[in-house]
Amino acid sequence: MGHSHGLSVEEQRKEDIKIGTKGFWILLLVTFAEVGVALFTKELLPGSIVRLIMIALSLYKAYYIVSIFMHLGAEVGGFAATIVLPMTLLIWAVIAFLWEGDYARNNRNYVKDARPGAEMPAPESSKATSMKSTEELSKQLSFR
């Protein structure tokens, strides 16, 4: 993993294997914690707290992978920022596109069709199209 000066090749290899094994066990424990929270705490904790715990555990795993296995933990702050800031912008873009897509899906019946001679459909006509209403989708995607 990291290159320590003064170590022989065999010692460096042993050190790298130790770091990789430690990382494996840490990531395994965090993953088991995530699965445990997802499966067994729905009845014990409110949904928002469960989501926050899952987000925190996922962010920890991402940080650990980036800092240890991608070697950004030992880099200077400026170089690490060149990796982390674009990733933050990418996450923001995904959230923005999902937000806008949901807005467009919820308001598609109120947008005037730009084709000549086309009339605005009535709000009830969404059942005749292949698109489903928000209520139908929420019933269909329920995991209860």
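UniProt positions are given here in the numbering used for this structure, feature names are shortened, and annotations may be inferred rather than shown by experiment. The model is predicted, with local features needing pLDDT of at least 70 and side-chain atom pairs counting only at pLDDT 80 or more, while totals for chains, interfaces and linings use all residues. Residues are numbered from 1 along each chain as its sequence is written, and side-chain values use heavy atoms, leaving out hydrogens and water.

**Exercise 1. Get the overall layout.**

Task: Find how many helices and strands the protein has.

Solution. Start with the ground rule: helices (H or I, at least four residues) and strands (E, at least two) are DSSP runs, numbered from the N terminus. On that basis you get four helices and zero strands. Read from the N terminus, the order is α-α-α-α. Next, take burial, where buried means under 20% relative accessible area, exposed over 50%, and partly exposed in between (1.4 Å probe, protein chains only). Of the 144 residues, 13% count as buried.

**Exercise 2. Put the record next to the model.**

Task: Work out which residues UniProt lists as "transmembrane region", and how much helix residues 52–72 hold.

Solution. The unreviewed UniProt entry lists residues 23–40, 52–72 and 78–99. Now look at the model. Residues 23–40 are 100% helix and 0% strand, with their end C-alpha atoms 25 Å apart. For residues 52–72, the figures are 86% helix and 0% strand, and the end C-alpha atoms are 25 Å apart.

**Exercise 3. Check three residues of α2.**

Task: Decide whether Lys61, Ser67 and Arg51 are buried or exposed.

Solution. Take Lys61 to begin with, which sits in helix α2. Lys61 counts as buried because its relative accessibility is 19%. Its side chain makes a polar contact of 3.1 Å with that of Thr31. (A polar contact is a pair of N or O atoms within 3.5 Å; within protein, one must be able to donate a hydrogen and the other to accept it, and residues adjacent in sequence count only if both atoms are side-chain atoms.) Setting aside neighbours within four places in sequence, Lys61 is in contact (heavy atoms within 4.5 Å) with Leu27, Val30, Thr31 and Glu34.

Ser67 is in α2 too. At 12% relative accessible area, Ser67 is buried. Not counting residues up to four places away, Ser67 touches Leu72 and Gly73.

Arg51, also in α2, is exposed because its relative accessible area is 58%. The C-alpha atoms of Arg51 and Ala38 are 8.8 Å apart, with these positions 13 residues apart along the chain.

**Exercise 4. Explore the largest pocket.**

Task: Find which element gives the largest share of the lining of the largest pocket.

Solution. A pocket is an open set of points on a 1 Å grid over the protein atoms alone, where a 1.4 Å probe fits, with protein on both sides within 12 Å along at least five of seven lines; lining residues have an atom within 4 Å of a point. Grid points are joined across faces, edges and corners, and a volume is the space filled by probe spheres set on the points. The largest pocket has a volume of about 400 Å³. Of its 14 lining residues, Ala62, Tyr63, Val66, Val84 and Met87 are the closest to the centre. Two elements, α2 (47–69) and α3 (77–106), give two or more residues to the lining. The answer is α3, with six residues.
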